[in-house]
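Here is a set of questions and answers for a first-year student, in which each term is set beside its cut-off.

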Amino acid sequence: MGAGRPDPVISVRDLRMTYGTQEVLAGIDLDVHPGEVVCLLGPNGAGKTTTIEILEGFRLPSAGQVQVLGEDPARAGDAWRARVGVVLQSWRDHARWTPRMLLTSLGGYFLPYSTPERPRPYGVDELLETVGLIEHADRKIGTLSGGQRRRLDVAVGIIGRPELLFLDEPTAGFDPQARRDFHDLVHRLSDLEGTSILLTTHDLAEAEKLADRILILTNGRIVADGSAEELTRQVAGTAEVRWALGRERFVHPTDDVVPFVRRLLEQHGDALTDLEVRKASLEDTYLAMVQRFEAGARTAPALQEVVP
Ligand code: ADP
């Protein structure tokens, strides 16, 4: 690449995946840039896990070009794997080990890949502190609660101080405190360590909070790519104004709230009651986009499509 932007950490062109006769990915293009936190959204069965597993090198695609940290994940070796973090669903093995033993042992694999810029692995105590497990460091893994095990899953995923981290529904089953702690951790990894992160979630508030960029995958294609704000702007009517005149109630989606409300007040004055303005949320946008694209349309959806 010339001057300007560094090479993307993930670069995918025309990625296709077919299981038997079922086409799950119908030609996906995506780039993730260094330090970005990108969230992949989509309904169940959209192909999010398939995409992530291909990028992790755990699944072979049917067709397309995939480059992750400059290599094809299907052929990459140990040095590449040491730079990539994967958080798997719940660590069930080694029930008699303690978190400290497990992390010390796994951390040893990363030592040969340590560099001055990126010392590997993390210090075990520092990591246990970071994921909120320091008080349970010496308990048997088999006796940890579900939430504590998920914290351990995260610690296992990042012990090698990855440059790129994959998180497939990382907060499923977290209580609100664990979720909040996890969000802080993602921000820290991204801001302080420059870690690039690709995550999936069904929690749209989480996506809005964490992601620099959101991709919506549906019907085997990426149908939207942008910040939460950019996506919301693509949906016609970024806010909804509700009001009442006597016993009659009205709803109107609009992009220009202030002039619209001013006109309403000028027109109806004191007769106007119950005035309410609601900004479109990422959830409205997401539902409008998925409904529209699942119906096969390719034009911008409107907010009123999702307003009951
Ligand atoms: P998501 O993570 O978005 O819920 P998945 O990638 O898990 O989607 O699955 C996408 C589709 O591919 C689903 O219809 C699923 O049943 C199918 N699928 C996933 N893995 C396999 C497999 N190993 N063999 C056959 N079909 C699969």
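Q: How many nonpolar, polar and charged residues does the shell around the ligand have by class?

A: The shell has three nonpolar, six polar and one charged residues, where Ala, Val, Leu, Ile, Met, Phe, Trp, Tyr, Cys and Pro count as nonpolar, Asp, Glu, Lys and Arg as charged, and the others, Gly among them, as polar. This is a predicted model, in which local features need pLDDT of at least 70 and side-chain atom pairs count only at pLDDT 80 or more, while totals for chains, interfaces and linings use all residues. Residues are numbered from 1 along each chain as its sequence is written.

Q: What makes a residue part of the group around the ligand, and which residues are these?

A: A residue is near the ligand if its C-beta atom, placed from the backbone, lies within 6 Å of it. The residues around the ligand are Tyr19, Val24, Gly42, Asn44, Gly45, Ala46, Gly47, Lys48, Thr49 and Thr50. The largest share of this shell, three residues, comes from helix 1 (residues 48–56), a helix being a DSSP run of H or I with at least four residues, numbered from the N terminus.

Q: Why is Arg149 called partly exposed?

A: A residue is buried if 20 or more other C-beta atoms, placed from the backbone, lie within 10 Å of its own, exposed if 12 or fewer, and partly exposed in between. Arg149, which lies in helix 5, has 19 C-beta neighbours inside 10 Å and therefore counts as partly exposed.

Q: Why are the buried residues of helix 3 said to line one face of the helix?

A: The buried residues of helix 3 (residues 99–108) are Pro99, Leu103 and Gly107. Seen down the axis of helix 3, they fall within an arc of 55°, so they line one face; the arc is that of the directions from the helix axis to the C-beta atoms. These buried residues pack against helix 4 (124–130) and helix 5 (146–158).

Q: What does Ala155 touch, and how is a contact defined?

A: Two residues are in contact if their C-beta atoms, placed from the backbone, lie within 7 Å. Not counting residues up to four places away in sequence, Ala155 touches Leu103, Leu127, Leu128, Val131 and Leu133.

Q: How do you know that the span of helix 10 is close to the expected one?

A: The expected span is 1.5 Å times one less than the number of residues. Helix 10 (residues 282–294) has 13 residues and reaches 18 Å from its first C-alpha to its last, close to the 18 Å expected.

How values were computed:
Helices (H or I, at least four residues) and strands (E, at least two) are DSSP runs, numbered from the N terminus.
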